[in-house]
Amino acid sequence: MARTKAFDDSNHSGRCRVGRWLSLALIVVLWSSPWSESVVHAGPVLAGAAKVDITNYEAGPVDGRLHVRALVLRHDDTTAVLLTLDVVAIGEIGYVNNDYLPAVRQQLQECGIEPTHVVANASHCHGIPCADVDVKTIEAVKAAMANLVPVTVGVGVGHEDRVMENRRIKLKSGRTVDVRHAYSLPPDEELAEVGPVDPEIGVLRLDREDGSTLAVVYNFACHPIQGVASGANTADITGFSSEVIEDNLGDGAVALFVQGCGGDINPISYKDVDHPRDAEPLGNMLGLSTLAAVRKIECHDDDRFELLNKTITLPRGDRAERIAQLEDKQRQLLQSLTGTSLNFETFLPLYVKYSVSGEFPSSFSHRYLHDDALGRKDLRKLDADNRRNMQAYIKNVHTMEELTRLQTNLRLLQKHQASLIASGKRTIDVEMVGLRIGDFVLVTSPGELTVPIGLGIKERSPHQHTFVAGYTNGYIYYAPTAEQLLNVGGAQEDSDCILAPEWQEIFESAAAKLLQQL
């Protein structure tokens with residue numbers, strides 16, 4: 001049977017029961033009567049899938065096209081539409097503006113679809129899409145709806161740990177820095193440990209009656225920002241992985257990627273300077289690992305589906321005090337820079353020479369021994385002076401590197417502090433979705449969730465196959481843990497953040513309630 005249940009507006013939550021399948025957090029659209037309760041006889045589940053190119057070809061060369069992918073499911077009088085977009089975010093930053101989701105919801109509402117039944121997820125690739133992504137979105141939905149067939153459903157997990165690394169590095173001082181192209185890393189001797197990754201790939205498979213695969217939805221945590229050697233416009237790692245899955249499955253199968261808790265996860269060897277940047281090999285590995293999981297999944301009839309859409313209120317962080325501390329630190333670092341005898345032209349050959357021959361850098365070893373025998377210390381004193389000057393030069397370099405890290409993150413804090421003041425609000429309302437399809441369970445957030453958030457929700461969930469998606473239904477910048485927010489100003493995840501530390505407990509409590517209800 002398919003059942004829909006009325007919303008409870010008093011706690012800003014919506015609930016809709018349907019029979020059968022849905023998918024990870026993408027764009028979810030339900031054709032039904034959400035405001036009243038009805039019971040109908042269950043019928044076969046129909047599904048259709050399509051993808052539409054959203055690449056901006058006027059932005060330059062392309063190596064890995066961007067797409068909006070659509071999956072449409074119909075069960076009796078209820079229809080669901082799911083989309084994934086190869087874009088950096090659903091509004092706020094990037095090329096898809098804040099009007100996108102309201103515009104899509106409005107167009108679908110004209111078809112009788114409630115706005116609260118629309119859920120959007122971005123891959124977070126940094127490619128450049130076309131200007132009319134909303135039009136292409138509707139086009140993809142219509143193409144999928146035109147080819148509905150009966151389907152069966154299966155859920156499974158894959159494993160991939162070769163393509164990513166945690167970009168937060170804890171220092172021996174107790175502070176944390178992150179791996180970015182925006183600034184350099186501290187000296188190796190200051191590094192202590194790195195954070196965790198989540199190698200799990202959550203997979204949902206949808207088959208036609210003849211056993212061929214209609215669609216695969218897969219959830220994984222990693223920033224798809226590796227880029228390509230040519231610097232061309234690209235859907236990056238997850239664009240390539242989706243193409244690998246689709247090419248191998250054939251029969252018009254569509255692979256929809258749902259971004260997980262990738263806020264603190266970089267592509268592996270992100271700062272490599274010895275090889276060209278190339279997302280395709282990483283995408284190939286992720287795609288093949290997903291395929292390995294897909295081939296182990298057995299699809300069957302399963303009419304369990306439940307969708308909960310809830311709005312929660314999160315506290316915004318006031319960074320005024322921390323900004324003042326960092327500005328004071330900035331002045332201290334500037335004042336610590338000292339004059340040195342060397343410039344880069346004289347430093348570099350000295351550094352090479354003293355690195356190659358540490359004991360006798362300024363002449364042959366026997367010359368040193370000869371001068372020592374005669375009591376002359378000229379070479380030894382020259383070496384001492386050079387070493388002292390090199391250390392002073394290196395100290396200035398490290399200070400300037402620390403300044404670049406501080407100033408980059410300080411600008412982020414100042415930007416969000418100005419936004420806080422301009423908003424006149426100390427809170428922000430965000431949408432969450434709880435989704436269950438058979439044994440597959442998902443919760444979502446609009447924030448760039450970090451891996452510890454996702455790992456914790458999975459561990460505490462009462463459901464075996466629980467997955468977490470960020471970048472969903474809008475964008476609210478990074479959403480690090482309360483512990484990570486003790487490091488404000490030290491890394492992008494804790495600086496490019498509008499939330500107060502208390503957000504984590506509120507969000508995780510809401511997620512736990514959703515999971516209990518699914």
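Which residue stands opposite Leu256 in S16? Keep that in mind while you get your bearings; the tour comes back to it shortly.

**The whole view**

What you have open is a predicted model. Start with everything shown. The protein has 518 residues, and 55% of them count as buried. Switch on the cartoon and you can pick out 11 helices and 23 strands. Along the principal axes, the C-alpha atoms fill a box of roughly 105 × 50 × 45 Å. If you add a surface, its accessible area comes to about 22100 Å², with 51% belonging to carbon and sulfur atoms. A contact map is worth a glance too: among contacts between residues at least 6 apart in sequence, 80% join residues at least 24 apart.

**Stop one: strand S16**

Select residues 254-259, which make up strand S16. How many of its residues are buried? The count is 6 of 6, so the strand is mostly covered, given that buried means under 20% relative accessible area. Show the side chains and look at each face in turn. One side carries Val254, Leu256 and Val258, the other Ala255, Phe257 and Gln259, and all of these are buried.

Now add residues 213-220, strand S15. S15 and S16 run parallel and are joined by 6 bridges. Here is the reply to the opening question: Val217 is the residue opposite Leu256. To follow the chain from S15 to S16, select helix H3, residues 236-249. The path goes through H3, making a β-α-β crossover that is right-handed.

**Stop two: the aromatic rings**

Next, display the rings of the aromatic residues; the structure holds 7 aromatic pairs. Zoom in on Phe347 and Tyr393. Their ring centres are 4.5 Å apart and their planes meet at 20 degrees, so this pair is stacked. Colour by helix and you will see that the pair links distant parts of the chain: Phe347 sits in H6 (residues 344-356) and Tyr393 in H8 (residues 378-423), 46 residues apart. Are these two residues buried or exposed? Phe347 is buried, with a relative accessible area of 10%, and Tyr393 is buried as well, at 16%.

Keep both on screen and add Tyr351: ring pairs link Phe347, Tyr351 and Tyr393 into a cluster.

**Last stop: a tilted pair**

Finally, select Phe360 and Tyr368. This aromatic pair is tilted, with 5.2 Å centre to centre and 55 degrees between the planes. Tyr368 is buried, and its relative accessible area is 1%.

Key. Residues numbered from 1 in each chain as written. Predicted model: local features only at pLDDT ≥ 70, side-chain atom pairs only at ≥ 80, totals over all residues. Heavy atoms only, no water. Phe/Tyr/Trp six-rings, centres within 6.5 Å; stacked < 30°, edge-to-face > 60°. Helix = DSSP H or I, 4+ residues; strand = E, 2+ residues; numbered from the N terminus. Buried < 20%, exposed > 50% of the residue type's maximum accessible area, 1.4 Å probe, protein only. Pairing = 2+ DSSP bridges. Right-handed = clockwise from strand over helix to strand, strands pointing away. Contact = heavy atoms within 4.5 Å. Areas by Shrake-Rupley, 256 points an atom, 1.4 Å probe, with all protein chains shown as cover.
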